[in-house]
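User: Please pick a single part of this model and look at it closely, then connect it to other parts of the chain. Give the cut-offs for any term as you go.

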Amino acid sequence: MPEKIVLAYSGGLDTTVAVKWLIEERGFEVVALTIDLGSQPDLAAIRQRALTAGASRAYVLDARRPFIERFCWPALRAGALYQGQYPLATALGRPLIAQLLVEVAAREGATWIAHGSTGKGNDQVRFDVATAALAPHLKVLAPLRDGMSMTREEEIAYARARNLPIVVKPESPYSVDENLWGRSIEAGVLEDALLTPPEDAFRWTSSVDNAPASPLLLELDFEKGIPTALDGGTLDGMELVAELNRIGGLHGVGRIDMIEDRFVGIKSREVYEAPAAIILHAAHRALEELVLDGEAARFKTSAAQEYARLVYQGKWFTSHRRNLDAYVLSTQQLVTGRVRVKLHKGTAQVVGRSSPYSLYRPKLATYSAGDQFDHQAAVGFIKLVGLPVRTQAEVQGIAETEPLLEDDGHVVEVGPGSLEGGFAEPVLRAAVPGIVDAHLRR
């Protein structure tokens, strides 16, 4: 009996050829698994394609809802943006796919799983490490990395010679991956880091020039860090993200162009479209600013960076990530309220926020009548804050600084009426470039 292998099957040229290649060259019985995270329009057709290519069984799953609720929402609560920009769309989808590969392998009695990653990207790490965490007894094969070395033209010839059900389309100049949380575009002319991304690279977002001239104001409601409503209408996560992608993209929101530090050690120019993720991260951060105390907000920034690093590097199924989740969840218990966001010409600007748990108190912040802040308390506070600085200056000497005034003893006399008040006042000439002739009063 041949060993069973569960292949993550997209329905494209690479994985369709991989089905037959795994059977012919490696002697496997292939079980195909297709998962929709927001980019598969016709699951039934893809399933039939897998069976026609030689798979003994083909699973098709719509996993959009668990993807948003179990993977994207935790990352949103954490504030996880890799290198402060990338909302981790592809990176968040890979552990979900890996988990389902493992579960189908257990159901089918398979001893292997396979995926379509190359040997140069991050995804191979994510799939392999996730599998090791969930089912260390399973072996992993990546045909494009582990022996199926064909050019695109060779794959087409291989498929035609075996009557495989492929649809040959004009080759895309880009490598694209997408799901509900975002769309990544790389390769082709984008490899020139100086080149402005061509408009044909984008599918979800309007250019700034073509975006509506009038801004759009929207309101987002959050409960314990999770968005629950848009403009007063309650939506589940999948619906809310889809709608924000639509309206955000219309207004040109969500384009990211960055030089990314890949886990495999190279830098890569990456272009993303993620309207919903960009809007939600901005709104969530604004609400946290309102309800988290300063100490928690500062530390959570560090936790967000660590969370993003773990997700990017494929370490979703680790105790460290679960521990971070426990901390993040504790910070979100009062992150409830409403945020107003203005979309205009490629920007998502927070213009208002409110929460029943807001730590912002106008009577303490105001400079107008009704100010309740104790100004005299600041005197003692500043004295204590400055105590170690003052002590160090008295004991160890004043900190060395470069002088800002010319030390030539020359005083420039200013004639009567040249300064406000109508009287002469001695000034010194500044020695700092850019303000050399400024009038610095003694």
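Analyst: With neighbours within four places in sequence set aside, G252 is in contact (heavy atoms within 4.5 Å) with S206, A211 and G346. The model is predicted, so local features need pLDDT of at least 70 and side-chain atom pairs count only at pLDDT 80 or more, while totals for chains, interfaces and linings use all residues. Residues are numbered from 1 along each chain as its sequence is written, and side-chain values use heavy atoms, with hydrogens and water left out.

G252 sits in the loop between helix 7 (237–250) and strand 11 (255–261); helices (H or I, at least four residues) and strands (E, at least two) are DSSP runs numbered from the N terminus. G252 counts as buried because its relative accessibility is 6%, where buried means under 20% relative accessible area, exposed over 50%, and partly exposed in between (1.4 Å probe, protein chains only). Its C-alpha atom is 37 Å from that of A32, a residue 220 places away along the chain.

One contact of G252 is G346, and K345 lies in the loop between strand 13 (337–344) and strand 14 (347–354). K345 is not a glycine, yet its phi is positive, at about 50°. With a relative accessible area of 27%, K345 is partly exposed. L88 also has a positive phi without being glycine, near 70°. The loop between helix 3 (64–78) and helix 4 (89–108) holds L88, which is buried at 0% relative accessibility.

Strand 13 also leads to E219, a residue of strand 8 (216–223). The side chains of E219 and R340 make a polar contact of 2.5 Å, that is, a pair of N or O atoms within 3.5 Å in which, within protein, one must be able to donate a hydrogen and the other to accept it, and residues adjacent in sequence count only if both atoms are side-chain atoms. E219 is buried at 18% relative accessible area. Beyond four places in sequence, it touches A229, L230, D231, R338, V339 and R340.

After strand 14 comes the loop that runs to helix 11 (362–365), and S355 is in it. S355 counts as buried, at 14%. A polar atom of its side chain lies 3.0 Å from the backbone nitrogen of Y357. Residues up to four places away not counted, S355 touches L287, L290, V291, L334, T336 and G337.

Helix 8 (275–291) is mostly covered, with 14 of its 17 residues buried. The helix reaches 25 Å between its first and last C-alpha atoms, close to the 24 Å expected at 1.5 Å a residue; the expected span is 1.5 Å times one less than the number of residues.

Helix 8, together with helix 3 and helix 9 (294–312), gives two or more residues to the lining of the second largest pocket. On a 1 Å grid over the protein atoms alone, a pocket is an open set of points where a 1.4 Å probe fits, with protein on both sides within 12 Å along at least five of seven lines, and lining residues have an atom within 4 Å of a point. This pocket holds about 340 Å³ of space, the volume being that filled by probe spheres set on the points, which are joined across faces, edges and corners. Among its 16 lining residues, G79, R285, E288, T301 and A304 are the closest to the centre.
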